[in-house]
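Visitor: Please take a close look at how the charged side chains pair in this model, and then follow the chain into its sheet. I should like one connected account rather than a list.

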Amino acid sequence: MKRMKLIYLSAIVMVATTVCAQDKGLTDMSHSRFAKMHNTELGAARWTNGFWGDRFAVCQDTMLLNMWKTWNAPEISHGFRNFEIAAGVCQGEHWGPPFHDGDFYKWLEAVAAVYAVNKDPKLDALMDKMIKDIVLAQREDGYIHTPVIIEEKNKGVDSHKIEKETVIGTKVGAADEKGAFANRLNFETYNLGHLMMAGITHYRATGKKTLFDVAVKATDFLWHFYETASAELARNAICPSHYMGVVEMYRATGNPRYLELAENLIKIRGMVENGTDDNQDRVPFSQQKTAMGHAVRANYLYAGVADVYAETGDKMLKENLESIWKDIVTRKMYITGACGALYDGTSPDGTCYVPDSIQKVHQSYGRPFQLPNSTAHNETCANIGNLLFNWRMFQTSGEAKYVDIVETCLYNSVLSGVSLDGKRFFYTNPLRISDDLPYTLRWPKERTEYISCFCCPPNTVRTVCEAQNYAYTVSDKGIWCNLYGGSELVTTLTSGDKVKITQVSDYPWDGVVQLAVNQAPKKKAFSIFLRIPEWCENATLKVNGEVVNNLLKADTYAEVNRVWKKGDQVEFVMDMPVKLIESNPLVEETRNQTVVKRGPLVYCLEGIDIEGGHKIDNVVIPADIKFTPKKIAIAGSPMVALEGIAQLLPEVSWKGTLYREVVQSNKPVRISLIPYYAWGNRGKTEMTVWMPLGR
């Protein structure tokens, strides 16, 4: 009886705080005690033109609706049909992977994010159509997972008679072992995490609570589940998107038990016996200092823990996250920001000899400096997880180094996951594709519209559709400009004053950024911060034509504090030279090789861009090569290529040969490099990011 009273009182607190938060319009990190800044309101920032303006246009015109055709075609994907069956609007069996619900929620979040900007009534109506069935699919107790609910319906289980107190962690009536949380590989918490984020985004974009209420009920169910969870049931935290989701629900509602749940989610991992690096539960998080195991699950975990730190200030969490971050960026991350080098790896620390076997780790962070190119896995979801992790580290620190990684991921290892026309997707992102590989890679060498493991495509769409949300942040000091490109910002300072800023820039093709202040508070000073990327060695900053800061330093923010007035102009110019980059010699596969970078972009060489049609392995990049930027278009998308004269090795066959005497050649060959994200958009061809360096 005492427990029931506590639950009842908790529910009263939840309702009161939810109403309060909704009256304020659902902010995100505005009240996070240990965050240095918070996001601007959803829809406050929008791309107007340039690089990201073009990408957003592809999102709203092609990506969203083309993917809806996939979701809505049962013969291709059962993603939406599963909800229709669970809702009882049609008959059938569940089909597809258990994480399809979460993937559908990702796509729905993307639709809401685009609607927040363009207010297209067709998108609003489309969301209403889908949400109606999601509402019907949810059980009365808040549980929602279409494989289980469809099984219950087909066995005649009445979800209205399922009591919340009796289903948690146990068999559910006629559903038997397929009941709620009975199978740790059902990805239920993963799905619920994405439902939470979709529900919050939909409410912020539309003002409608339909999907948000579903998310609240689901979060309450999860809270009850973890109130009674055993050590073994703790292992249901596989691919933990729900860490981020639960904290965001706490921010959205103010319900304290959601923060309590988020903290327990971290602690409960330490209860697991015989845990694995594959799920980051071999040791408690309090003992984790390096990145380990399945890269998607790891990066989602780190992002979620960073969210918990923003609310609690737990120093252990921050110290461990900083240690893990350093391990990733200095020893385990590709130059594109990609993570998870090994499709099939083994645990370097958790080898088990009972039974006599080596513990497999799927889609794995390998050992330090283990970064192969041709077999690089680099699942797009892992790269997005790296972005999410770094963004949260930035919000709690204000340090530019984290946004550098966010930008690197966005321009390179995230955008590479989708074709320029927005219709086809990669699951993996290798750094080299050759016709000579004597084995078949696990995933296609070409982008496809539908992948059997359909987690990455909607995650990519969601991330690209929400890129504008990373462009600016707000702190007590003022406005932070994080990403550059033609954009418009209309937001409110922490003082309550309105600010309007427009940005004009052809970034990343050149380094000129111009800001215009269109509205600012009268007689109140605030700062505008401009990020100086780590690759930028020379920059100038002017306000109304006058230099205001001569001490600009790479990998920091330049601050301009003044009483701004309408019509003030800021000009920030970054030099953007072409650079040859080499790796640590411990990265054995790229020793004596180089990558070409210009600004935030990693470039690559495709076979069709070598004069004479020579093979990519025969091209050597001279250390003193001079590249000339040239504007081109691929698949209608404008970009800047780099043209130069490289060296060509003799065409000597390696067939049947493992070693041979070194051959040399100074024969020149003209090449053209394109941004890595654009590779594979002109048909099948060889590609490489790393190339031999001629000294």
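Guide: In this predicted model, Asp128 is partly exposed because its relative accessible area is 31%, a value that falls between the limits of 20% for buried and 50% for exposed. The side chain of Asp128 meets that of Lys208 in a salt bridge, with 2.8 Å from N to O. This pair connects distant parts of the chain: Asp128 belongs to helix 5, whereas Lys208 sits in the loop between helix 8 and helix 9, 80 residues apart. Lys208 is itself partly exposed, at a relative accessible area of 26%.

Asp124 also forms a salt bridge with Lys208, and here the closest N and O atoms are 3.1 Å apart. Again distant parts of the chain are linked, since Asp124 lies in helix 5 (residues 121-137) and Lys208 in the loop between helix 8 (188-206) and helix 9 (210-227), with 84 residues separating the two. Asp124 is buried, because its relative accessible area is 15%, and the limit for that class is under 20%.

A further pair is formed by Arg297 and Asp278, whose closest N and O atoms are 3.0 Å apart. Arg297 is part of helix 12 (residues 295-312) and Asp278 of the loop between helix 11 (256-268) and helix 12, so this salt bridge ties together parts 19 residues apart in sequence. Both Arg297 and Asp278 are buried. Elsewhere, Arg204, Glu248, Arg251, Asp307, Glu311 and Arg392 are joined into one network by salt bridges that share partners. The structure holds 30 salt bridges.

The sheet may now be followed strand by strand. Seven strands make up an open sheet with antiparallel pairing, in the order 2-8-9-10-15-12-13. Its edges are strand 2 (45-47) and strand 13 (546-547), each of which pairs on one side only.

From the edge at strand 2, three bridges lead to strand 8 (residues 487-492), which runs antiparallel to strand 2; Ala45 stands opposite Leu489 there. Leu489 in turn has Ile501 of strand 9 as a bridge partner, within an antiparallel pairing of strand 8 and strand 9 that counts six bridges. These two strands form a hairpin with five residues between them, and Gly496 in the turn has a positive phi of about 95°.

Strand 9 (residues 498-505) has two unlike faces: Val499, Ile501, Gln503 and Ser505 make up the covered one, while Lys498, Lys500, Thr502 and Val504 make up the uncovered one. On the uncovered face, Val504 is the bridge partner of Gln514 in strand 10. Six bridges hold the antiparallel pairing of strand 9 with strand 10 (residues 512-519), and six residues lie between the two strands of this hairpin.

Next in the order comes strand 15, which pairs with strand 10 in the antiparallel sense over five bridges; Ala516 has Gln569 as its bridge partner. The side chains of strand 15 (residues 569-574) alternate, with Val570, Phe572 and Met574 buried on one face, and Gln569, Glu571 and Val573 pointing to the other and not buried. Strand 15 also pairs with strand 12 (residues 539-543), antiparallel and over five bridges. In that pairing Val543 has Val570 as its bridge partner, and Val570 is one of the buried residues of strand 15. Strand 13 follows strand 12 in the order and closes the walk at the other edge.

Technical notes: Residues numbered from 1 in each chain as written. Predicted model: local features only at pLDDT ≥ 70, side-chain atom pairs only at ≥ 80, totals over all residues. Heavy atoms only, no water. Pairing = 2+ DSSP bridges. Helix = DSSP H or I, 4+ residues; strand = E, 2+ residues; numbered from the N terminus. Buried < 20%, exposed > 50% of the residue type's maximum accessible area, 1.4 Å probe, protein only. Salt bridge = Lys/Arg side-chain N within 4 Å of Asp/Glu carboxyl O.
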